[in-house]
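Subject: Structure handover

Hello,

Here is the structure you were expecting. Please open it next to this note, which goes through the findings one topic at a time.

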Amino acid sequence: ATPTALLVGTGRGAQLGILIKGPQILESTRSVDTIVLDKTGTVTTGRMSLVAAVPARGVTEDELLRLAGAAETGSEHPIAAAIVAGAQHSLGPLPPLESFASTDGLGVQAVVDGHLVLVGRPRWLAEQWSITLPSDLQSALASAEEEGQSAILVAWDGQARGVLAVSDTVKSSSTAAIAAFRRLGLRPVLLTGDNERAARAVAAEVGITDVRAELLPAEKAEAVRALQREGRVVAMVGDGVNDAVALATADLGIAMGTGTDVAIEASDLTLVRSDLMAAADAIRLSRRTLATIK
Ligand code: ADP
Ligand code: MG
């Protein structure tokens, strides 16, 4: 390939809001036939809001929001931002964290008001911390998931204390972008750490049928490798810390400009406007650039 045409392609990319790490990257898009999309922050806006807080028996809603909200002040996850905003809206300032740790794609643990508080994926709390769920919280989780929401379990001092439901909205351009991917001959796959039902609800809204949910960050990368083993050439679009390994594994990694630094560093392309349509533009551009070279 002539470097000049590739450089022209790179310059055109910049005009379209696509930052390309090097001219050679356009060549790696040549035979891409599969586009793997992260859900939260990629297909959806990632600006989530807290829509329900269901305390366990013996816990008030204020207590639930106070401890969960404070614990989440240590996290940068979109779910954390929604829980903190929801708690502050009801309660005003939240108590300080005495200690904090987060586990990517699973949740957070913190000491607040002298309690060890856990907030995260229900199965993580059940498996890792042996937290059991009373039936009222079980049905709160199930109904949030049926609504297509992310359902989060809160526990402190070893017991389940409540369920929080967080909702997200699909970006206005996602449906059209997925149709554009199909026209380019790419098969879309949705990957997420979120629950199966929330994932299916988003997938149905944008026209994706291949959905892989409840994946840990390492399992997202494994899903990309499994597609590659089937002989597929994979582009992946993502934004989170939890997407970085999968982005680096994909044949073409594409980061959202609003994404985390690790996602951007792991990727070959960055979409300045964080609009999936720009990923379709990038693939179209590289095909056109390569056609010019031939
Ligand atoms: P996605 O793949 O949709 O971007 P993540 O892998 O970041 O999602 O998160 C997967 C799941 O882990 C979330 O749906 C949530 O249940 C849980 N989780 C991750 N981080 C947090 C957090 N800070 N607070 C509560 N739950 C979290
Ligand atoms: Mg994400």
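Two strands count as paired if DSSP finds at least two bridges between them. With that in hand, β2 and β11 are joined by four bridges and run parallel. Please keep in mind throughout that this is a predicted model.

**The sheet around β2**

Start at β2, residues 34–38. One of its partners is β11, where Leu37 has Val237 as its bridge partner. Another is β9: five bridges join β2 to β9, and these strands also run parallel. There, Asp38 is bridged to Leu191.

Now follow β9 onward. Three bridges link β9 to β10, residues 210–212, again in parallel. Val189 finds its bridge partner in Asp210 of β10. Between these two strands the chain passes through helix α9, residues 196–206, and the resulting β-α-β crossover is right-handed.

On the other side of the story is β11. Four bridges join β11 to β12, residues 252–256, and the pair runs parallel. Met236 stands opposite Gly253 of β12. Here the chain crosses through helix α11, residues 244–249, and this β-α-β crossover is right-handed too.

How well covered are β9 and β11? In β9, residues 187–191, four of the five residues are buried. In β11, residues 234–238, five of five are buried. Which residues of β11 point which way? Val234, Met236 and Gly238 face one way, Ala235 and Val237 the other, and all are buried.

**A long-range pair**

Look next at Thr289, in helix α13, residues 276–293. Is Thr289 buried or exposed? A residue is buried if 20 or more other C-beta atoms lie within 10 Å of its own. Thr289 has 23 such atoms within 10 Å, so Thr289 is buried. Thr289 and Leu26 are 263 residues apart in sequence. In space, their C-alpha atoms are 7.9 Å apart.

**Two domains**

The protein is divided into domain 1 (3–45 + 169–293) and domain 2 (49–167). Their C-alpha centres lie 31 Å apart. How many residues does each domain put into the contact? Domain 1 gives twelve and domain 2 gives nine.

On the domain 1 side, α3 and α9 each supply at least two residues. The largest share, three residues, comes from α9. By class, that side has five nonpolar, five polar and two charged residues. So much for the interface; α9 is also the helix in the crossover from β9 to β10.

**Ligand 1**

Which residues are closest to ligand 1? They are Thr40, Ser75, His77, Gly105 and Gly193, out of 23 residues that surround ligand 1. The shell draws at least three residues from each of domain 1 and domain 2.

Several elements supply at least two shell residues each. They are α3 (39–43), α5 (78–91), β5 (107–112), β6 (115–120) and β7 (150–156). Note α3 in particular: this helix supplies at least two residues of the ligand shell, and at least two of the domain 1 side that touches domain 2. By class, the shell divides into six nonpolar, twelve polar and five charged residues.

**Two positive phi angles**

Most residues other than glycine have a negative phi. Two residues here are worth a look in that light.

The first topic is Ser130. Its phi is positive, about 50 degrees, although Ser130 is not a glycine. Ser130 sits in the loop between α6 (122–129) and α7 (135–146). Is Ser130 buried or exposed? The cut-off for exposed is 12 or fewer C-beta neighbours. Ser130 has 8 inside 10 Å, so Ser130 counts as exposed.

Then comes Asp157. Phi of Asp157 is near 50 degrees, a positive value in a residue other than glycine. Asp157 lies in the loop between β7 and β8 (159–167). With 10 C-beta neighbours inside 10 Å, Asp157 counts as exposed. The strand before that loop, β7, is among the elements that supply at least two residues of the shell around ligand 1.

Best wishes

Note on methods. Residues are numbered from 1 along each chain as its sequence is written. Chains are lettered from A and ligands numbered from 1 in the order in which they are written. This is a predicted model: local features need pLDDT of at least 70, side-chain atom pairs count only at pLDDT 80 or more; totals for chains, interfaces and linings use all residues. A crossover is right-handed if, with the strands pointing away from the viewer, the path from the first strand over the helix to the second runs clockwise. A residue is near a molecule or strand if its C-beta atom, placed from the backbone, lies within 6 Å of it. Ala, Val, Leu, Ile, Met, Phe, Trp, Tyr, Cys and Pro count as nonpolar, Asp, Glu, Lys and Arg as charged, and the others, Gly among them, as polar. Domain bounds come from an automatic or database domain assignment. Two residues are in contact if their C-beta atoms, placed from the backbone, lie within 7 Å.
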